[in-house]
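Student: Before we discuss the labels used for this model, could you show it to me and then take me through the reasoning behind them?

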Amino acid sequence: MRPRDVPVVGTVVEAGADDRVFDALLLAGPVVIIVVAALGRSPLTVALAAAYIVAFVTYTLSLGVRS
């Protein structure tokens, strides 16, 4: 079974910008939200959410600078 065979993952990959890192960041967002909601606010979950946001913004800005 390939990742594209999973319904949600396949939809994101098919509609995405043919960029694996961006697709992975898009798919990781809901996972981060679920983890934070399940574990509650703690230094670990705040650091996880902050790291995700920094990674997403940094990657998006780097794509913009390259173009």
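Tutor: This is a predicted model, and from the N terminus on its elements run α-α-α, which agrees with a count of 3 helices and 0 strands.

Student: What makes F22 and F56 an aromatic pair, and why is the pair called tilted?

Tutor: The ring centres of F22 and F56 lie 5.8 Å apart, and because rings pair if their centres lie within 6.5 Å, the two qualify. Their planes are 35° apart; since stacked requires under 30 degrees and edge-to-face over 60, the pair falls into the remaining class, tilted. It is one of 2 aromatic pairs in the structure.

Student: Which parts of the protein does the F22 and F56 pair tie together?

Tutor: F22 lies in helix α2, residues 20-39, and F56 in helix α3, residues 43-66, so the pair ties together parts that are 34 residues apart in sequence. F22 and F56 also form one aromatic cluster with Y52.

Student: Why is F22 called partly exposed?

Tutor: Its relative accessibility is 21%, and because buried means under 20% and exposed over 50%, F22 falls in between. By the same cut-offs F56, at 24%, also counts as partly exposed.

Student: How much of the protein as a whole counts as buried?

Tutor: Of the 67 residues, 15% count as buried, while the accessible surface comes to about 5100 Å², with 72% of that belonging to carbon and sulfur atoms.

Student: What share of the contacts between residues at least 6 apart in sequence joins residues at least 24 apart?

Tutor: That share is 36% in this protein.

Notes: Residues are numbered from 1 along each chain as its sequence is written. This is a predicted model: local features need pLDDT of at least 70, side-chain atom pairs count only at pLDDT 80 or more; totals for chains, interfaces and linings use all residues. Side-chain values use heavy atoms; hydrogens and water are left out. Rings of Phe, Tyr and Trp (its six-membered ring) pair if their centres lie within 6.5 Å; planes under 30 degrees apart count as stacked, over 60 as edge-to-face and the rest as tilted. Helices (H or I, at least four residues) and strands (E, at least two) are DSSP runs, numbered from the N terminus. Buried means under 20% relative accessible area, exposed over 50%, partly exposed in between (1.4 Å probe, protein chains only). Contact means heavy atoms within 4.5 Å. Accessible areas come from the Shrake-Rupley method with a 1.4 Å probe; for residues, only the protein chains shown count as cover.
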